Amino acid sequence: MTAGWMTRHETHIAVVLLAGDRAYKIKKPVDMGSLDFSTRAKRLAACRREVELNARFAPDVYLGVADIIGPDGEPCDHLVVMRRMPDERRLSALVRAGEPLTDTIRQLARTIAAVHSSARSSPTLWWRWVSRK
């Protein structure tokens, strides 16, 4: 949905607002079992974790977490602040345009593999993830 200077995209867990050179992601207050954003504190923690994790791959894109200030001047929620990427650089647009992507995909796979190879792992972590389902 576009409203003049801002475009809004919605998923089952977030609303993303695109304005100028910024993208703002607001977590919805939902509890889906594996994702629990049901309280403001949980949404703040999820925003911080998203920035922490994704800034490893795109530090120039993930700019931080900001407060949403209510009419009383107090924070009423939080959002992830990102640099907006040009629509024509989206993977789907590049594929449609027939751009050569083999090297890009290969470099992305290497980057993800490097991060995963140094990530914490243990049977306990795996069991906690499986038992939440």
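Which residue stands opposite tyrosine 24 in β6? Tyrosine 24 stands opposite valine 81 in that strand, and the tour will come back to this pair after a view of the whole chain.

**Before selecting anything**

The model is a predicted one, in which local features need pLDDT of at least 70 and side-chain atom pairs count only at pLDDT 80 or more, while totals for chains, interfaces and linings use all residues. Residues are numbered from 1 along each chain as its sequence is written, and side-chain values use heavy atoms, with hydrogens and water left out.

**The whole chain**

Colour the protein chain by secondary structure, and 4 helices and 6 strands appear, in the order β-β-β-β-α-β-β-α-α-α along the sequence; helices (H or I, at least four residues) and strands (E, at least two) are DSSP runs, numbered from the N terminus. Of the 133 residues, 26% are buried, where buried means under 20% relative accessible area, exposed means over 50%, and partly exposed lies in between, with a 1.4 Å probe and protein chains only. The accessible surface, calculated by the Shrake-Rupley method with a 1.4 Å probe, comes to about 9,600 Å², and 58% of it belongs to carbon and sulfur atoms.

**Strands β3, β4 and β6**

Select residues 14-19 and 22-27 next: these are β3 and β4, which run antiparallel and are joined by 6 bridges, strands being counted as paired if DSSP finds at least two bridges between them. Valine 16 stands opposite lysine 25 in β4, and the two strands form a hairpin with 2 residues between them, where glycine 20 in the turn has a positive phi of about 60°. With side chains shown along β4, Ala23, Lys25 and Lys27 point to one face and are buried, whereas Arg22, Tyr24 and Ile26 point to the other face and are not. Adding residues 75-83 brings in β6, which is antiparallel to β4 and joined to it by 4 bridges; here tyrosine 24 can be found opposite valine 81.

**Arginine 43 and two cysteines**

Move to helix α1, residues 40-54, and select arginine 43. Is this arginine buried or exposed? Arginine 43 counts as buried because its relative accessible area is 8%. Not counting residues up to four places away in sequence, arginine 43 touches Lys27, Lys28, Pro29, Phe37, Ser38 and Asp77, a contact being heavy atoms within 4.5 Å.

Cysteine 47 is buried, with a relative accessible area of 0%, whereas cysteine 76 is partly exposed at 41%. A search of the whole structure finds 0 disulfides, a disulfide being a pair of cysteine sulfur atoms within 2.5 Å.

**Helices α2 and α3**

Finish by selecting leucine 101 in the loop between α2 and α3, which is buried, with a relative accessible area of 15%. Leaving aside neighbours within four places in sequence, leucine 101 is in contact with Leu91, Leu94 and Val95, and its C-alpha atom is separated by 8.9 Å from that of leucine 91, 10 residues apart along the chain.

Valine 95, found in helix α2, counts as exposed because its relative accessibility is 53%. Together with Phe57, Leu91, Ile105, Leu108 and Ile112, Val95 forms a nonpolar patch on the surface, with about 500 Å² of accessible area. Patches are made of residues with over 30% relative accessible area and no salt bridge, like charges being joined within 9 Å and nonpolar side chains (Val, Leu, Ile, Met, Phe, Trp, Tyr) within 5 Å; a salt bridge is a side-chain nitrogen of Lys or Arg within 4 Å of a carboxyl oxygen of Asp or Glu. Helices α2 (91-96) and α3 (102-117) each supply at least two residues of the patch, and its largest share, 3 residues, comes from α3.
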